[in-house]
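Biologist: Could you take me through one part of this model slowly, with a close look at the charged side chains that pair up? I would like to follow each pair from its place in the chain to how far it is covered.

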Amino acid sequence: MKRHINKVAVIGSGIMGSGIACHFANIGVEVLLLDIVPRELNEVEKAKGLTLDDKVVRNRLVNDALAKALKSKPSPIYHKKFANRITTGNLEDNIAQVKEVDWIIEVVVERLDIKKQVFENLEKHRTPGTLITSNTSGIPIKFMSEGRSDDFQKHFCGTHFFNPARYLRLFEIIPGPKTAPEVLDFLNGYGEQYLGKTSVLAKDTPAFIGNRIGTFGIFSLFHAMKDLGMTIEEVDKLTGPLIGRPKSATFRTVDVVGLDTLVHVGNGLYENCKEDERRDVFKMPEFINTMMENKWLGSKTGQGFYKKSVNADGKKEILTLDLGTMDYRSKKSAKFATLELTKSIDNVAERFPVLCGGKDKAGEFFRKSFGALFSYASVRIPEITDELFKIDDATCAGFGWEHGPFQIWDAVGLEKGIEFAEAEGLKVADWVHEMKGSGISSFYSVKDGASYFYDIPAKNMEKIPGQDAFIILDNIRKSNEVFKNKGVVVEDLGDGILNVEFQSKMNTIGADVLMGLNKAIDIAEKDFQGLVVGNQAANFSVGANIGMIFMMAVEQEYDELNMAIKMFQDTVMRMRYSSIPTVAAPHGMTLGGGCEITMHADKVVAAAETYIGLVEFGVGVIPGGGGSKEMAMRATDSLRTGDVELNILQEYFLAIGMAKVSTSAYEAFDLGILQKGKDSIVVNKDRQIATAKAHAKLMAEQGYTKPPARKDIKVLGKQALGMFLVGTDAMEASRYISEHDKKIANKLAYVMAGGDLSEPSYVSEQYLLDLEREAFLSLCSERKTLERIQHMLKTGKPLRN
C-alpha cells in the first residue's frame, strides 16, 4: 500500500514538540498539535474572570508553547505564513481528532509511565494502520509498546529528531520488537526525501547512535582537557571550524543546548550501559556537579561555561569560567604553533594529519581525543549498528560535524589511528585488525562516482545504500573533470549536463571564477546540453572578492576596476543569454555577487536553507554585478492590475537599501530574488545538484531557445527619482541614516529610476547596467566606502559611517 502523509498529530508542545510541528508545517503538511489541559488559572486569567472550562484556558499551554517557538531565533519555520498549517488543541477536548491523521508523533516528557499512559489513550482513537512513533531520546522502544494491540505495535517505532528540528538533519529510526519492515522503509525514505533529513536506522540501545557517540566525545574531551591542563578557550579553539565543526565548538554548544540536557544524557548512559568498557567516562567531572548545583546551565540561566557581563567601562564582555577556581574571568587568547601550519589548508580533511602530528599541546590533544573516539566508535559495532557509515552519518547530521569518526580516521590513516588509541591504553575492535590484515587500509572508497564502505560481516567494500538520488561532487570531481582553474572546477554530470563548481575561499567571486564560468558556458554550448552552477560547500558564495575591489580602489586603478565590474556584468548576462539552459543551485549564504549570479540563471533550484540577499550597502556600494538592474526590471515585471508603480519599485529598492537577507529560500520569493512559477526549492540539500541537473536536462529536451534581449523595461525617471530623494532626505534629517548612507541610497535611486529621464520610458538591460556600473565606480572613489570595505575585510562585519 502506498502511504501518503497529509496530516500529522504531534503530542506534546514543548521545545521539541513545537519544533517538530513547525518542520512538518514547513514541508506543507497539516499539523494537529496537542498538549495537556492546565489544572489552575494563571494571574492574567483570574483578572479576566476566566474559568478552567474556557477554551482559551484549556489550550493555554499549547498556544503559549507554539507562540514562544515561533518567536525564537533562529526561527523554526521557513515562512511565518506556514504557521497557519498548525492547529492547536488539548488532549481532552481534541484527542479524538487523531483518527483523521496519517502519523502520530509522541513528544511528551521523558518518563516511561507517562508515555505508556499517553499511548493507551491514543489507541482508543487511532485509526488502524496509522503510523505512531515516539521522539524519545533514550527510553527503550521495546518497553513503550508493551500491552498495545498488534496493529499498534506493527506501526510503532522510535523517530528521534534532534533539536532544533528544522536545522539539525539527523532522523534516527529505532524499530520496536514488532515493527513492520515496510514501516521502517517508509520512514527511512520519507525522512530523507520529504523532511530533508539524514535517516539512520539505529538499534534499540541507550541513546541510540548519535547521542551515544557524540556524548562520549564531549565527556572524553572533559577528561582530556583536565589531563592536559587546558582552558575552555583552548578546547573551543581546537574543536570548532578548524576541524569542520560548528563555530560554537564544544562549550558554547553545551551552553546553548543546556548543561542539564547533557547531564541527563550522560547520567542515562552511565546508568544503562553497565557493560560499556568506557562507562567511567560518563561519570560527571566535579566541575559539572558544581555548575549543576549553582544552576549555571548555560543560556537558559544566563551563565554556563560563558557569561555575558558589563565591565567597569560599561562595555559588554563575555567572561569565561575558570575550571580551576570556578570563578569567571576575562577571556584568554588561545594560540598553538600547530594551527599556524594549517592556515594554508582549506580542505578540512587534509588538516587532520597535520593537527595530529603537532609537537605542542594541540597535537597531543588531537591524538588523545581522536584515539579515544576511534576506539569507542569501533567497539560499538555491532552493539549500536552493524554498519560503520551509520555512525558517521549520525554524528555529522546530529552534531553538525563535517566528518564522523571513521572519516577522520581515514584522513589520519588507519595505522596512525590505531597508534593513537593504543597510546592511551585503549584497544580498537578486532574487526579493524582483521580489515587491516586483509589488505584494506581505509573504511571508505569511491568507485564510479559512488561511495563504498567496509562491510564488517562481508569483509569487503560494499556500496552505501540510498545514493542513487544524489550526485556527490567529491566523488566525481577528479574522474569527470572537464576544465579547471584556480577558481572553479567544471564537471560532467552525465546526460549532457555540466556543472561549474566554485573552488575559491568562501566561494568568493573573482577573475578566476568569472573566467571559469565563461569557459563552462563555452564548453556547454559546444558539446553539452545544459549547465548547472552549484557546489556542496557550506555556502554557495559569500559574494564578490571585496579585497580585490579594495586594492583597485585604493590604488585608484579605476579603468581596471571598471573592466572587472563589466566582466562580472557580461558574465551574468552571458548566463542569461547563452544558447543552453542555465540552472543555479544556491544554498547557505548566497550574498551579493552570489545572489546576482543566481538571479541571472534561467532557473533556480534553491535549498530550503538558503540565506540570500543583495548586501552591498554594508560595504558602501550598490550591487554592481547586475543586481541593481535586475531588481529594477523585476519591479516593473511584477506589476499587476491595480498596483501602484512607485510602491512596487520602492519595495524592491528597500530590499537592496536595507541589505535584506532571507532566512530561508521561501522568504526569498517575498524579496523578489526568487520568482514564483519559475524557481523551485528542495528541502534535502543532498538532492539539490541531481534535481538541478534534471531541470536543466528537461529544459534542453523541451527545446530550449535563448530568450530575446530585453529592451522593454519601463523606468519612471524623475517621477521615481524625486520620491526616493525626498525619502532619503527625510531619513537623514531624522538620523536614521548617515550622510554616506544617503549618498549610496541616492545612487541606487538613480539606477532604479532609470536616471533623471523627464518621463516614463522603455530602456534596455544594457542601459541599466551602464548606470549601475557608473554608480558603483563613483562610490568606490569615496573615502567612507573604502573605510567600510576595510572594516569588513578586518572584522567580517559592516560599518556604519
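Modeller: Let us begin with Lys436, which at 36% relative accessibility counts as partly exposed, and keep in mind throughout that this is a predicted model. Lys436 forms a salt bridge with Glu415, and the closest N and O atoms of the two are 2.5 Å apart. The pair links distant parts of the chain, since Lys436 sits in helix α20 (residues 430–437) while Glu415 sits in helix α19 (residues 414–423), 21 residues apart. Glu415 is partly exposed as well, with a relative accessible area of 38%, a value that falls between the limits of 20% for buried and 50% for exposed.

A second pair to look at is Arg477 with Glu491, where a salt bridge is formed with the closest N and O atoms 3.8 Å apart. Arg477 lies in the loop between α21 (473–476) and β15 (481–484), and Glu491 lies in strand β16 (residues 488–494), so this salt bridge ties together parts that are 14 residues apart in sequence. Here both partners, Arg477 and Glu491, are buried.

The third pair is made by Lys742 and Asp729, whose side chains meet in a salt bridge at 2.6 Å from N to O. Because Lys742 belongs to helix α31 (residues 739–752) and Asp729 to helix α30 (residues 718–733), the pair ties together parts that are 13 residues apart in sequence. The two partners are not covered alike: Lys742 is buried, because its relative accessible area of 18% is under the 20% limit, whereas Asp729, at 40% relative accessibility, counts as partly exposed.

These pairs belong to a longer list, as a search of the whole structure finds 58 salt bridges. Salt bridges can also join into a network, and one such network links Arg212, Asp276, Glu277, Arg380 and Glu383.

For a contrast, you can turn to charged residues that take part in no salt bridge, which is a condition for belonging to a patch. Glu555, Glu557, Asp559 and Glu560 form a negative surface patch. Within this group, Glu555 is found in the loop between α23 (546–554) and α24 (558–576), and Glu555 is partly exposed, with a relative accessible area of 49%.

Note on methods:
Residues numbered from 1 in each chain as written. Predicted model: local features only at pLDDT ≥ 70, side-chain atom pairs only at ≥ 80, totals over all residues. Heavy atoms only, no water. Patch = residues over 30% accessible without salt bridge, like charges linked within 9 Å, V, L, I, M, F, W, Y side chains within 5 Å. Areas by Shrake-Rupley, 256 points an atom, 1.4 Å probe, with all protein chains shown as cover. Salt bridge = Lys/Arg side-chain N within 4 Å of Asp/Glu carboxyl O. Lys, Arg positive; Asp, Glu negative; His and termini not counted. Charge placed at Lys NZ, Arg CZ, Asp CG, Glu CD. Helix = DSSP H or I, 4+ residues; strand = E, 2+ residues; numbered from the N terminus. Buried < 20%, exposed > 50% of the residue type's maximum accessible area, 1.4 Å probe, protein only.
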